[in-house]
Amino acid sequence: MTAAQRRVLASLLFLLAAVLAGLTFVEHGVEYRAFGLVEGVFALVLTHLLVLRGAWASPDGFPGWLAISYGTLANAQALELLLPPPGMLEWVVAAGLAMFSWGALGGGTRHRTVASLGSLALLLAILKFSVIPVLWERAGPAADTPVVGGLAESVRRFFVDYQPVRPVGQVIGFLALCGWALGTRLIWPPERLTETAQEGKL
């Protein structure tokens, strides 16, 4: 398979990952959640980081730019899938991601960068699909009265506006991340090209 064919196939996988990551199976149906500005900005930073560290091949020609464009879209939708719902918790996580991006841009190999991104994705998935649902169920309204119960609900939604997702939604999200990983592997440049590029920067 030629480099151009690999990049076209990676583009299709990234597009599939972006479509699947937006599908959300809520309690009463299916929604499509497109990424927002926060996820879009982080996706641009993540794309720059992946190209800079050599995990994604630098774009050269239309197939390369196509792969990078769809990869950026997949990054944004993956962040939409993994980031906590709106609320104060999302602000804290976004601040942590900004600090992670700053540290990741400072150094490290592409293997370490991808491994760090995988660990980060795992932690975000645990937070969104395990920790938040458990805490949400335990922290019910403080009383049966409408006033106090409504106030407790407002406080909970200030911290995180959680909406339950069916298990099939988590399976679809996993398949989306698999598509992203396969697309990344397809545009993973050979070692010799990465070493040459790094020598050229020195």
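1. Let's start with Arg 7, which counts as buried because its relative accessibility is 15%; buried means under 20% relative accessible area, exposed means over 50%, and partly exposed lies in between, using a 1.4 Å probe and protein chains only. Arg 7 sits in helix 1. Helices here are DSSP runs of H or I with at least four residues, strands are runs of E with at least two, and both are numbered from the N terminus. Beyond its neighbours within four places in sequence, Arg 7 is in contact with Ala 57, Ser 58, Asp 60, Pro 63, Gly 64, Ala 67 and Ile 187, where contact means heavy atoms within 4.5 Å.

2. A word on what you are looking at. This is a predicted model, in which local features need pLDDT of at least 70 and side-chain atom pairs count only at pLDDT 80 or more, while totals for chains, interfaces and linings use all residues. Residues are numbered from 1 along each chain as its sequence is written, and side-chain values use heavy atoms, with hydrogens and water left out.

3. How confident is the predictor? pLDDT is its confidence in each residue, on a scale from 0 to 100. The mean pLDDT of the protein is 80, and 78% of its residues reach 70 or more. Over residues 141-149, pLDDT stays under 50, and the model has eight contacts beyond four places in sequence for them. Where pLDDT is low, the predicted coordinates should not be read in detail.

4. Now the overall plan. The protein has eight helices and two strands, and from the N terminus on its elements run α-β-β-α-α-α-α-α-α-α. Of its 202 residues, 38% count as buried. Among contacts with a separation of 6 or more, 79% are between residues 24 or more positions apart.

5. Next, the nonpolar interior. A nonpolar core is a set of buried Ala, Val, Leu, Ile, Met, Phe, Trp, Tyr and Cys residues joined through side-chain atoms within 4.5 Å. The largest one has 17 residues, and Phe 14, Leu 50, Trp 56, Trp 180 and Ile 187 have the most contacts inside it. Two or more residues come from each of helix 1 (3-22), helix 2 (37-52), helix 3 (62-82) and helix 7 (167-186). Helix 1 gives the most, with four residues. Have a look at Trp 180: leaving out residues up to four places away in sequence, Trp 180 touches Phe 14, Ala 17, Leu 50, Trp 56, Ala 74 and Asn 75. Apart from this core lies another, of 12 residues, among them Phe 42, Leu 83, Val 93 and Trp 136.

6. Which residues line the largest cavity? They are Ala 21, Gly 22, Leu 23, Thr 24, Arg 33, Glu 80, Leu 81, Lys 128, Phe 129, Val 165 and Gly 169. A cavity is a set of points, on a 1 Å grid over the protein atoms alone, where a 1.4 Å probe fits but cannot get out, and lining residues have an atom within 4 Å of a point. About 100 Å³ of space lies in this cavity; a volume is the space filled by probe spheres set on the points, which are joined across faces, edges and corners. Helix 1, strand 1 (23-26), helix 3 and helix 5 (110-138) each supply at least two residues of the lining.

7. The count of cavities of 30 Å³ or more comes to two, and the second largest holds about 30 Å³ of space. Here we meet Arg 7 again, since this cavity is lined by Arg 7, Ala 57, Ser 58, Pro 59, Gly 64, Ala 67, Ile 68 and Ile 187. Helix 3 gives the most to this lining, with three residues.

8. Pro 59 is worth a closer look. Pro 59 lies in the loop between helix 2 and helix 3 and counts as partly exposed because its relative accessibility is 23%. Not counting residues up to four places away in sequence, Pro 59 touches Gly 64, Trp 65 and Ile 68. Pro 59 and Ile 187 are 128 residues apart in sequence, with their C-alpha atoms 9.8 Å apart in space.

9. Finally, another loop residue: Arg 53 also lies between helix 2 and helix 3, and counts as buried because its relative accessibility is 15%. The C-alpha atoms of Arg 53 and Val 114 are separated by 9.3 Å, with their positions 61 residues apart along the chain.

Technical notes
On a 1 Å grid over the protein atoms alone, a cavity is a set of points where a 1.4 Å probe fits but cannot get out, and a pocket is an open set with protein on both sides within 12 Å along at least five of seven lines; lining residues have an atom within 4 Å of a point. pLDDT is the predictor's confidence in each residue, from 0 to 100.
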